Amino acid sequence: MNLLADAIAWIFSPDRLSGSSPLPAAIGLHLYYTFLAVLIASVIAIPLGYYIGHTGRGRNVAIGISGAARAIPSFGLILLLVLVIGVTQKPLAATIAFVLLAIPSILAGAYSGLEAVDRRVVDAARAVGMTEWQILVRVEIPLGLPLLIGGIRAGALQVVATVVLAAYVTLGGVGTYIIQGIPLRRFDMILGAAIVIVVLALVLDGLFALLQHVVVPRGVAAGRPKELRTSSTRRRAVVESPTV
């Protein structure tokens with residue numbers, strides 16, 4: 001319990017606002033790497049996922065690649081890219097590693113969101129004369145958006161936890177305090193930095209969960225309770241109807 005109190009005291013210490021690596025600057029750098037990686041991964045994965053989800057082509061390949069990518073050790077990937085690209089390009093190497101870690105979840109969210117759309121809705125859109133592009137933009141993407149946000153949410157959490165390792169290659173971030181605290185046996189610093197990372201992850205998760213709820217189309221959100229009430233009323237009517 002004393003260690004937890006020491007860690008909290010370390011977080012709110014005035015010393016965290018000064019020095020070569022103040023805590024707010026470390027948090028900002030941590031979030032910068034996170035959002036940059038998620039943005040780049042989204043630009044790559046979302047169009048590809050929409051193509052797979054709309055056409056059904058390459059689904060098995062995408063599933064295989066996504067599964068294999070999730071099995072790649074984050075620390076080993078960062079070190080490998082730093083060695084391959086060069087120690088003078090550490091930010092580029094780390095960013096590529098973070099992007100590769102975020103792509104599988106975003107890709108899965110993109111194509112599974114389109115695949116989850118009721119085929120009867122898509123067939124109805126075709127029946128009224130919509131083109132394939134109109135079906136994708138006006139029907140499939142809005143209905144599949146909650147699952148896409150869920151994929152981005154999972155990717156962001158993966159990256160925000162992995163950016164800690166950027167400190168190992170001297171790129172800064174909140175992980176710097178953990179790397180520095182280990183040889184110094186500053187357990188209050190290590191635990192304090194870990195708490196900050198957990199709070200960042202929880203805040204991001206909460207924001208994406210809220211966004212995932214907001215992007216549900218109004219017609220879908222409004223139709224669910226009505227459908228339940230209608231079906232419940234019909235069941236009662238059948239049960240209560242007198243037999244002749």
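1. R153 is partly exposed, since its relative accessibility of 23% falls between the limits of 20% for buried and 50% for exposed. In this predicted model, R153 forms a salt bridge with D205, and the closest N and O atoms of the two residues are 2.6 Å apart. The bridge links distant parts of the chain: R153 belongs to helix α7 (residues 132–162), D205 belongs to helix α9 (residues 187–214), and 52 residues separate them. D205 is partly exposed as well, with a relative accessible area of 22%.

2. How many salt bridges does the structure hold? There are six salt bridges. One of them joins R126 to E132, with 2.8 Å between the closest N and O atoms. R126 has a relative accessibility of 37% and therefore counts as partly exposed. E132 likewise has a relative accessible area of 37%, which makes this residue partly exposed. The R126 and E132 pair does not stand alone, for a network of salt bridges links D123, R126 and E132.

3. A further salt bridge runs between D188 and R186, whose closest N and O atoms lie 3.1 Å apart. Are these two partners buried or partly exposed? D188 counts as buried because its relative accessibility of 19% is under the 20% limit. R186, at a relative accessible area of 32%, is partly exposed.

4. Helix α9 merits a point of its own. Its 28 residues, at 1.5 Å a residue, should span 40 Å, and the C-alpha atoms at its ends are indeed 40 Å apart, so the expected and computed spans agree. The buried residues of α9 are D188, M189, G192, A193, V196, I197, L200, L204 and F208. Which elements cover these buried residues? The cover includes α1 (2–11), α2 (23–55), α7 and α8 (175–184). Of these, α7 is also the helix that holds R153, the partner of D205 in α9.

5. The overall architecture may be stated briefly. The chain has 10 helices and zero strands, and the pattern read along the sequence is α-α-α-α-α-α-α-α-α-α. Of its 244 residues, 38% count as buried. Among contacts between residues at least 6 apart in sequence, 76% join residues at least 24 apart.

6. The structure holds three aromatic pairs. One of them, between W10 and Y177, is edge-to-face, with 5.0 Å from centre to centre and 80° between the planes. W10 lies in helix α1 and Y177 in helix α8, so this pair ties together parts that are 167 residues apart in sequence. Both W10 and Y177 are buried. Elsewhere, ring pairs link Y32, Y33 and F98 into a cluster.

7. Where does I78 lie? I78 is found in helix α4 (residues 74–85). With a relative accessible area of 1%, I78 is buried. Apart from neighbours within four places in sequence, I78 is in contact with A97, F98, T162, L165 and V169. One of these contacts, F98, also takes part in the ring cluster with Y32 and Y33. I78 and A94 are 16 residues apart in sequence, while their C-alpha atoms are 5.7 Å apart in space.

8. S105 lies in helix α5 (residues 90–115). Its relative accessibility is 12%, so S105 counts as buried. Which residues does S105 contact, leaving aside its neighbours within four places in sequence? The contacts are R70, G151, A154 and G155.

9. The final point concerns empty space. Such space is revealed by rolling a probe the size of a water molecule over the atoms. The second largest pocket holds about 220 Å³ of space. Its lining is made up of 15 residues, and I65, S66, A69, I103 and P104 are those nearest its centre. Which elements give two or more residues to this lining? They are α2, α3 (59–70) and α5. Helix α5 also holds the buried residue S105, and helix α2 is among the elements that cover the buried residues of α9.

Note on methods: Residues are numbered from 1 along each chain as its sequence is written. This is a predicted model: local features need pLDDT of at least 70, side-chain atom pairs count only at pLDDT 80 or more; totals for chains, interfaces and linings use all residues. Side-chain values use heavy atoms; hydrogens and water are left out. A salt bridge is a side-chain nitrogen of Lys or Arg within 4 Å of a carboxyl oxygen of Asp or Glu. Buried means under 20% relative accessible area, exposed over 50%, partly exposed in between (1.4 Å probe, protein chains only). Helices (H or I, at least four residues) and strands (E, at least two) are DSSP runs, numbered from the N terminus. Contact means heavy atoms within 4.5 Å. The expected span of a helix is 1.5 Å times one less than its number of residues. Rings of Phe, Tyr and Trp (its six-membered ring) pair if their centres lie within 6.5 Å; planes under 30 degrees apart count as stacked, over 60 as edge-to-face and the rest as tilted. On a 1 Å grid over the protein atoms alone, a cavity is a set of points where a 1.4 Å probe fits but cannot get out, and a pocket is an open set with protein on both sides within 12 Å along at least five of seven lines; lining residues have an atom within 4 Å of a point. Grid points are joined across faces, edges and corners, and a volume is the space filled by probe spheres set on the points.
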